[in-house]
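Let's take a walk through this protein, one piece at a time. Have the model open and turn it as you read.

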Amino acid sequence: MFSHISGRFRLPAALLGAALALAGPVSLAQAAPLDNEPLAARALSQARTSAAAPAAWAAGTRAYLVITAPGDTTAVRNAVAANGGSVFSSFDAIGVVVAHSTSASFAATMRGVSGVQQVGATRTSDVPADAYNPALPANPSQAAAPTTEPVRSDMTQIKADQAWAVNPGSATVKVGILDTGVDDQHQDLAPNFNAADSVSCAYGKPDTRAGAWRDVDQHGTHVAGTVAAAKNGKGAIGVAPGVKISSVRIAEPGSTLFFAENTICGLMWAGDHGFKVTNNSYYTDPWQFNCPDNLDQAAILTGVGRAQAYADGKGSLQVAAAGNSNVDLANKTTDSSSPNDSTPVTRTITNACLDIPAELPGVVTVAANGTSGSSKASFSNYGRDVIEVSAPGESVYSTIPGGRYTSMSGTSMASPHVAGVAALLASANPSYTPADLRAKLGEQATDLACPSDARCTGTTAKNSFFGEGRVDALKAVSGSTTPPTGPYFENTADVAIADNTTVESPITVSGVTGNAPATLKVGVDVKHTYIGDLKVDLVAPDGSVYSLHNRTGSSTDNIIQTYTVNASSEVANGVWKLRVSDNAGGDTGKIDAWNLTF
């Protein structure tokens, strides 16, 4: 069986080359307001599990999408049961029923039922027996945490390192990682992991058991780290280290394939659970391209398309990998990789055949830059008016399960950089809609000219290799086209905050002429439960005290924020201090880092 992981979405750097046939994973490529709401209650609003669902697996079971009008699917669900099938799950809001049947004539029969618009098989292989009693993924033991956290070239290329000083991302912004799962115990992911909104959508219905979201490969954990690995002095830093990440596992164990019903479940979950952004580093298996003149693939296009539109309408922006086949998505001719769950065949295709979710309306399609930051990665797909933006995708260092790290290459690695920048945009502009985020990602991108390559068409401002250019994290949080002009100073040493104590962290400023500005930026990263206990002050070299935070926020966790202070009466050079006072018992924490920008 063709492996989607080594094919399309992620490639270990050491293996880059021979395995570039596809581009990714197996199809491989806040304290949030609802975090404490019971998952079981919320899951009911998303997918209905019919009482008629089979209790046991049978050989020859295949999965189908039965498409009807959005709303009440009762009649169609009854028809499924009456025509040799069973309802595995249904998504009434978009009129999609996931049916299982062992009958070879099931699809043809259902297409003749009143109210049924389309029916399509979602795979060319049997549904695994695991679908009826899914095993929980392993919870790996964790390696010792690294003691260093260097800023890597992929982050400097998109100015993420400068963005952190302005706004590292808001904990009210939730990013969904629709992938192979996420190791929530990893020391660089645990601080930002949102278990309450994590789930497995493998096989096409939500599995809300604790740990069902964990990684069945390593791809999803790598992607998650690029989006939001914590800025904690360990291993790696994500583009938006202050946001929350949720795992929505849509890959099935063993095959690590992302079938249509899994994708639909994941996108519906994203819409219903307030994800501002999702990352989608995969294509919907088993077809690399779904063609509307094929009855099965047409149903897949409709079902996944409706789910994407639903999520978008609920305020969720989807960011997706373009793929690693080095093909022109604007001029499709052949597909020799599908179906990847049985025996691939070579077929003629046209531009009407879509790589989904990447080519669905409203999705941000991401190409990969090479290590220079201004070239196209050799494997990256491209396409005039298909690619929207680009981001680093070669030898990207990030998290993998078990507290470990590695470098991977692929558009799967580029896409989470863009998802992270979108999360920063949402953090700085909470009212932005998905359309706003899409527009700003392009407007703020750094233009990249075509190289001497006839395949690259268009202008420097917008072309087939890079779309509107390489994303810019700094512009996302500052809204400006130029970085801060003043000197920057930072202290990343941890300072423990015990109950009912006052601690200080110093920064020595030198080489700055005259007084501090009236717009001195003070970046604060304090990890502490119940921030209503805390008073946070900036202390100038002469002892003057400027209040930043005074026991507000109640039970909210962590202060990750940039404050603007009028310090124009203060001499810039000297020792500045961040002073934190804990004024109650029961909650402790630390000053993780802080900075000054003059």
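What follows goes from model confidence to the sheets, then to a helix pair and an aromatic pair.

This is a predicted model, so to speak of a local feature we need pLDDT of at least 70, and side-chain atom pairs count only at pLDDT 80 or more, while totals for chains, interfaces and linings use all residues. Residues are numbered from 1 along each chain as its sequence is written, and side-chain values use heavy atoms, with hydrogens and water left out.

Start with confidence: pLDDT is the predictor's own confidence in each residue, from 0 to 100. The protein averages 90, and 90% of the residues score at least 70. Two stretches are another matter. Over residues 1-28 pLDDT stays under 50, and the model has 148 contacts beyond four places in sequence for them; a contact here means heavy atoms within 4.5 Å. Residues 48-53 also stay under 50, with 13 such contacts. Where pLDDT is low, the predicted coordinates should not be read in detail.

Now for the sheets. Helices (H or I, at least four residues) and strands (E, at least two) are DSSP runs, numbered from the N terminus, and two strands pair if DSSP finds at least two bridges between them. One open sheet has seven strands in the order S7-S8-S6-S9-S10-S13-S14, with parallel pairing. Strand S7 (199-200) and strand S14 (389-392) stand at its edges with a single partner strand each, so one side of each has no neighbour in the sheet. Inside it, strand S6 (residues 174-179) runs parallel to strand S8 (residues 244-249), joined by six bridges, and leucine 178 sits opposite valine 248 in S8. Helix H11 (residues 434-443) packs on this sheet, touching strand S10 (317-321), strand S13 (364-369) and S14, and its direction makes about 45° with that of S10. Angles run from 0 to 180 degrees between N-to-C directions, and axes are lines fitted to C-alpha atoms, for helices over the stretch in contact.

Further along the chain, another open sheet puts four strands in the order S19-S24-S21-S22, with antiparallel pairing. At its edges are S19 and strand S22 (545-550), each with a single partner strand, so one side of each is left without a neighbour in the sheet. The twist averages 20° from one strand to the next. Look at valine 580 in S24: valine 503 stands opposite it, and so does valine 536. Eight bridges hold the antiparallel pair of S19 (residues 502-509) and S24 (residues 574-582), and six join S21 (residues 534-539) to S24.

Next, a helix pair. Helix H7 (residues 219-228) and helix H10 (residues 411-428) pack at about 35°, with their axes 8 Å apart. Residues in the contact include His222 and Val223 of H7 and Met413 and Pro416 of H10.

Finally, the aromatics. Rings of Phe, Tyr and Trp (its six-membered ring) pair if their centres lie within 6.5 Å; planes under 30 degrees apart count as stacked, over 60 as edge-to-face and the rest as tilted. The whole structure has nine aromatic pairs. In one of them, the rings of phenylalanine 489 and phenylalanine 598 have centres 5.8 Å apart and planes at 90°, so the pair is edge-to-face.
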